[in-house]
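Thank you for making time this morning. I would like to walk you through a structure that is new to most of you, and I will go slowly, one part after another.

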2 protein chains.
Amino acid sequence: MPYFFEDYIPGMETSFGVYDVTADEIIEFGRRWDPQPFHVDPVAAEHSPFGGLIASGWHTCGMAMKLIVDHGGIAPESSMGGAGLRKLSWEAPVRPGDRLRVVVRVLESRASQSKPDRGSVVLEVDAFNQDDRRVLNFELVGIIRKKPA
Amino acid sequence: MPYFFEDYIPGMETSFGVYDVTADEIIEFGRRWDPQPFHVDPVAAEHSPFGGLIASGWHTCGMAMKLIVDHGGIAPESSMGGAGLRKLSWEAPVRPGDRLRVVVRVLESRASQSKPDRGSVVLEVDAFNQDDRRVLNFELVGIIRKKPA
């Protein structure tokens, strides 16, 4: 995967994974950041519309982000932080025992007009489960340093 | 704040807070979910464009979500999960010592055509720091149960 702004070529696509989802981690993340019953309470979750524990959508974002950073999709040499998301969909529940993988696609790349050392890239991120069902999709706008002169 | 779909009236606005940001939590969250140098390594962060540790943007989302759920902005009686985000901006760095508050505004409310027991709402969420600088903005699409008949 790319290391500097110039290396993010629109159309480029890379896959990362796997991430194994556990009930313990779903509950731990839920208690901390999104304490809704179907994220933290297995009994209440059984009676929820989901029929069992599901990961917080924010947790699924964390799983995807961890995979991306660990695999160099965003590199410590060049990342200057995220500006935001153009959109995000939580498309299917993520459950204990699921095994996720991530696909990152470079959608756009634009050199900064005002700051010659950087540019912005738009990365489309998909996460799929073991049944190849897409569970998460988002478009991340990141600021990336150019290659040192 | 609302408890069922019918209680989410567009234009309604509520504030929650405070959330105190610590360096320890920034590093802990970063190591787990977004291990970029400026989230996990105080020395590397000093030499980054941010001049010091900043919270992962996903961490800031978690802080906001925790405040919303803890204060009933999304209620256990009626929440049927999030569908996604229409947009999200990380507008300013979140640093150790910051004190955040959240404002939630109901933008839209639409009864489901196919499922008579629920509707979708669009909530605009802003997080501000102690200087009233907006650090985070997103629009969350949530599925909310109607009042029991």
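**Where the two chains meet**

Let me begin at one pair of residues, where S89(A) has G84(B), in β2(B), as its bridge partner. The counterpart of that pair is G84(A), whose bridge partner in β2(B) is S89(B). Please keep in mind throughout that what you see is a predicted model. These two pairs belong to the pairing of β2(A) with strand β2 of chain B, residues 79-90, which is antiparallel and runs over four bridges.

If we step back from that pairing, we can ask how many strands form the open sheet, and in what order they come. There are 10 strands, and the order reads β1(A)-β3(A)-β4(A)-β5(A)-β2(A)-β2(B)-β5(B)-β4(B)-β3(B)-β1(B), with antiparallel pairing. At the edges stand β1 of chain A and β1 of chain B, residues 13-20 in each, and because each has a single partner strand, one side of each is left without a neighbour in the sheet. From one strand to the next, the twist averages 25°.

Within chain A, the neighbour of β2 on the other side is β5, residues 134-145, and these two strands pair in the antiparallel sense over eight bridges. In that pairing L88(A) stands opposite F138(A) of β5(A). Over in chain B, I would point you to β4, residues 118-128, and β5, residues 134-145, which run antiparallel and are joined by 11 bridges. There A127(B) has L136(B), in β5(B), as its bridge partner.

**The helices at the interface**

The sheet is one part of the meeting of the chains, and a pair of helices is another. For readers who have not looked at helix packing before, two packed helices are described by the angle between their axes and the distance between the axes. Here the axes of helix α4 of chain A and helix α4 of chain B, residues 57-70 in each, come within 10 Å and cross at roughly 170°. An angle over 145 degrees counts as roughly antiparallel, and that is therefore how α4(A) is placed with respect to α4(B). On the side of α4(A) the contact is made by W58(A), C61(A), G62(A) and M65(A), and on the side of α4(B) by W58(B), C61(B), G62(B) and M65(B). Sorted by class, the residues of this contact are six nonpolar, two polar and no charged.

Taking the interface as a whole, 26 residues of chain B are in contact with 26 residues of chain A. On the chain B side, the elements that give two or more residues are α4 and β2, and β2(B) gives the most, with 11 residues. That side of chain B has 15 nonpolar, seven polar and four charged residues.

**One chain and the core**

Let me now take chain A by itself, which has four helices and five strands, running β-α-α-α-α-β-β-β-β from the N terminus on. Its C-alpha trace spans about 60 × 25 × 20 Å along the principal axes, and buried residues make up 41% of its 149 residues. Of the contacts in chain A between residues at least 6 apart in sequence, 70% join residues at least 24 apart.

Which residues touch the most other members of the largest nonpolar core? That core has 82 residues, and the ones in question are A64(A), I68(A) and V102(A), together with A64(B), I68(B) and V102(B). If we look at V102(A) and leave out residues up to four places away in sequence, its contacts include A64(A), L67(A) and I68(A), and also F16(A), G17(A) and V125(A).

**Two backbone details**

I will finish with two places where the backbone deserves a careful look. The peptide bond from G17(A) to V18(A) is cis, with omega near 25°, and V18(A) is found in strand β1 of chain A. In chain B, the bond from G17(B) to V18(B) is likewise cis, with omega near 25°, and V18(B) has its place in strand β1 of that chain.

The other place is D132(A), in the loop between β4 and β5 of chain A, which has a positive phi of about 60° although it is not a glycine. Is D132(A) buried or exposed? D132(A) is exposed, because 7 other C-beta atoms lie within 10 Å, and 12 or fewer is the cut-off for that class.

Technical notes. Residues are numbered from 1 along each chain as its sequence is written. Chains are lettered from A and ligands numbered from 1 in the order in which they are written. This is a predicted model: local features need pLDDT of at least 70, side-chain atom pairs count only at pLDDT 80 or more; totals for chains, interfaces and linings use all residues. Axes are lines fitted to C-alpha atoms, for helices over the stretch in contact, and angles run from 0 to 180 degrees between N-to-C directions. Angles under 35 degrees count as roughly parallel, over 145 as roughly antiparallel, 65 to 115 as roughly perpendicular and the rest as oblique. Two residues are in contact if their C-beta atoms, placed from the backbone, lie within 7 Å. Ala, Val, Leu, Ile, Met, Phe, Trp, Tyr, Cys and Pro count as nonpolar, Asp, Glu, Lys and Arg as charged, and the others, Gly among them, as polar. Two strands pair if DSSP finds at least two bridges between them. A nonpolar core is a set of buried Ala, Val, Leu, Ile, Met, Phe, Trp, Tyr and Cys residues joined through C-beta atoms within 7 Å. A residue is buried if 20 or more other C-beta atoms lie within 10 Å of its own, exposed if 12 or fewer, and partly exposed in between; C-beta atoms are placed from the backbone.
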